[in-house]
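Open the model in your viewer and keep the sequence panel visible. Each stop below says what to select and what is there.

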Amino acid sequence: MNRSRGRGRAAALLVLAGGYAGAGSGLAAQDTFLTRCGAAVHDDEGTGWVSVPQGQIFCPLAADPLAAHSHVSYRRGDFAIQSDAAPGEQSNIAGVGLGGSFPLFRFAARRRGNGIQVDIAASVFGQFNLDTHRLDLITTDYLVGIPVTMRYGGFSTRFRVYHQNSHLGDEAVLSGQPPGRTDRSFESVEALLSQELGPLRIYGGGEAFIRREPAELGHRLVHAGGELRPVLFGGGRVLLAFDYKLVDDGSWSYGWNARAGLELARVPTPGHPPRILTVVFDWYEGAAPYGQFYRDGIRYFGVGIHLSG
């Protein structure tokens, strides 16, 4: 009986791996960086004016903790303020994100993948304390924005206006020693430039906050990073990514995230943009990217599963 179960599990794993490896043949004809990072357009929408198109022309930022996509992750580190732990004590937190970017329209140039696109993007991020028996919700962040993206060959840009606000979880508010409540809310204008060179991608830009609450939030932000995606097999690729943010809040607070893992890409049907599942390890250090804890320095190691496409 045990041998039969073992064979069944092995067969299931072979089917899964075979599905992604087979997807590699669908990717081979489109083996460009656009396909590797998950930004690609449908074959039938390569040129002209397209309403409600499929796909993206700006690659998502793979290591940005606030990128609009869905994920679940486990994090262990120094979250003393957030998790009500003693200073220096390691805490365990679960991070959950739900989000994405919905294309409204695209004007595509003659070369497939080039053009200008307008989306509406929204996401929600929740942080849960795994050291409590109820898995207390610590904080929730909501983001909504309108990104305008442009691509010409390996060069792409993103101009975005977005809103973000943060809320403490009920359990955090009702705890014995609740953190001081701060209504954090702001609008920002972002501009990013990105250049791809084979499997390497570098990007940089910044933001200007046009309304912020409380007023002590930073006036502007510098944002930069890089990604490397060497092909491993068929639809499988190694992901190495780094994201860095520097906020002008009077003391120039920073936050950086390093990410390494494996991307598995699958094209549902020929000509479609790929769906990508990514398993990654994270190392984060700097100002907390979520909730009202932006004043607090944190450090953690994590592992997560991310979905796109």
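The tour starts with the whole chain and then moves to single residues, ring pairs and a pocket.

**Stop 1: the whole protein**

Show everything as a cartoon. This is a predicted model. The protein has 4 helices and 14 strands. Of its 309 residues, 48% count as buried. Now switch to a surface view. The protein exposes about 15,000 Å², and 63% of that area comes from carbon and sulfur atoms. Contacts can also be sorted by distance along the chain: among those with a separation of 6 or more, 60% are between residues 24 or more positions apart.

**Stop 2: two loop residues with positive phi**

Select Val52, in the loop between strand 1 (48–51) and strand 2 (70–78). Val52 is not a glycine, yet its phi is positive, at about 45 degrees. Its relative accessibility is 48%, so Val52 counts as partly exposed.

Then select Leu135, in the loop between strand 4 (115–129) and strand 5 (137–152). Leu135 is also a residue other than glycine with a positive phi, near 55 degrees. With 45% relative accessibility, Leu135 counts as partly exposed.

**Stop 3: Phe107 and its contacts**

Go to strand 3 (residues 91–108) and select Phe107. Is Phe107 buried or exposed? Neither word fits: Phe107 is partly exposed, with a relative accessible area of 48%, and a residue has to be under 20% to count as buried or over 50% to count as exposed. Leave aside the neighbours within four places in sequence, and Phe107 is in contact with Gly48, Trp49, Asn114, Gly115 and Ile116. Add Val118, which is 11 residues from Phe107 along the chain; the two C-alpha atoms are separated by 9.2 Å.

**Stop 4: ring pairs**

Show the side chains of the aromatic residues. How many aromatic pairs does a search of the whole structure find? There are 8. One of them is formed by Tyr244 and Tyr254, which are stacked, with 6.5 Å centre to centre and 10 degrees between the planes. Tyr244 belongs to strand 11 (residues 236–248) and Tyr254 to strand 12 (residues 253–266), so this pair ties together parts that are 10 residues apart in sequence. Tyr244 is partly exposed at 30% relative accessible area, and Tyr254 is partly exposed at 35%.

Next, select Tyr284 and Tyr300. These two rings form a stacked pair, 5.4 Å centre to centre and with 15 degrees between the planes. Tyr284 lies in strand 13 (residues 275–287) and Tyr300 in strand 14 (residues 297–308), so the pair ties together parts that are 16 residues apart in sequence. Tyr284 is buried, with a relative accessible area of 4%, and Tyr300 is buried too, with 5%.

**Stop 5: a ring cluster and two charges**

Select Tyr162, Phe186 and Phe209, which ring pairs link into a cluster. Add Arg160: its charged end sits over the ring of Tyr162, 4.1 Å from the ring centre. There is another such arrangement at Arg201, whose charged end sits over the ring of Phe58, 5.1 Å from the centre.

**Stop 6: His219**

Select His219 in the loop between strand 8 and strand 9 (220–228). His219 is partly exposed, with a relative accessible area of 44%. Apart from neighbours within four places in sequence, its contacts are Ala208, Phe209, Arg212 and Asp248. Phe209 was part of the ring cluster at the previous stop. Now add Val247, 28 residues from His219 along the chain; their C-alpha atoms are separated by 7.7 Å.

**Stop 7: the second largest pocket**

Keep Val247 selected and add Arg184, Leu221, Ala288 and Pro289. Of the 30 residues that line the second largest pocket, these five are the closest to its centre. The pocket holds about 530 Å³ of space. Colour strand 6 (155–168), strand 8 (200–213), strand 11, strand 12 and strand 13, each of which supplies at least two residues of the lining. Which strand gives the most to the lining? Strand 12 does, with 5 residues. Strand 12 is also where Tyr254 of the first stacked pair lies.

Notes. Residues numbered from 1 in each chain as written. Predicted model: local features only at pLDDT ≥ 70, side-chain atom pairs only at ≥ 80, totals over all residues. Heavy atoms only, no water. Phe/Tyr/Trp six-rings, centres within 6.5 Å; stacked < 30°, edge-to-face > 60°. Buried < 20%, exposed > 50% of the residue type's maximum accessible area, 1.4 Å probe, protein only. Lys NZ or Arg CZ within 6 Å of the ring centre and 35° of its normal. Contact = heavy atoms within 4.5 Å. Areas by Shrake-Rupley, 256 points an atom, 1.4 Å probe, with all protein chains shown as cover. 1 Å grid on protein atoms, 1.4 Å probe; cavity = no way out; pocket = protein on both sides within 12 Å on 5 of 7 lines; lining within 4 Å. Points joined across faces, edges and corners; volume = space filled by probe spheres on them.
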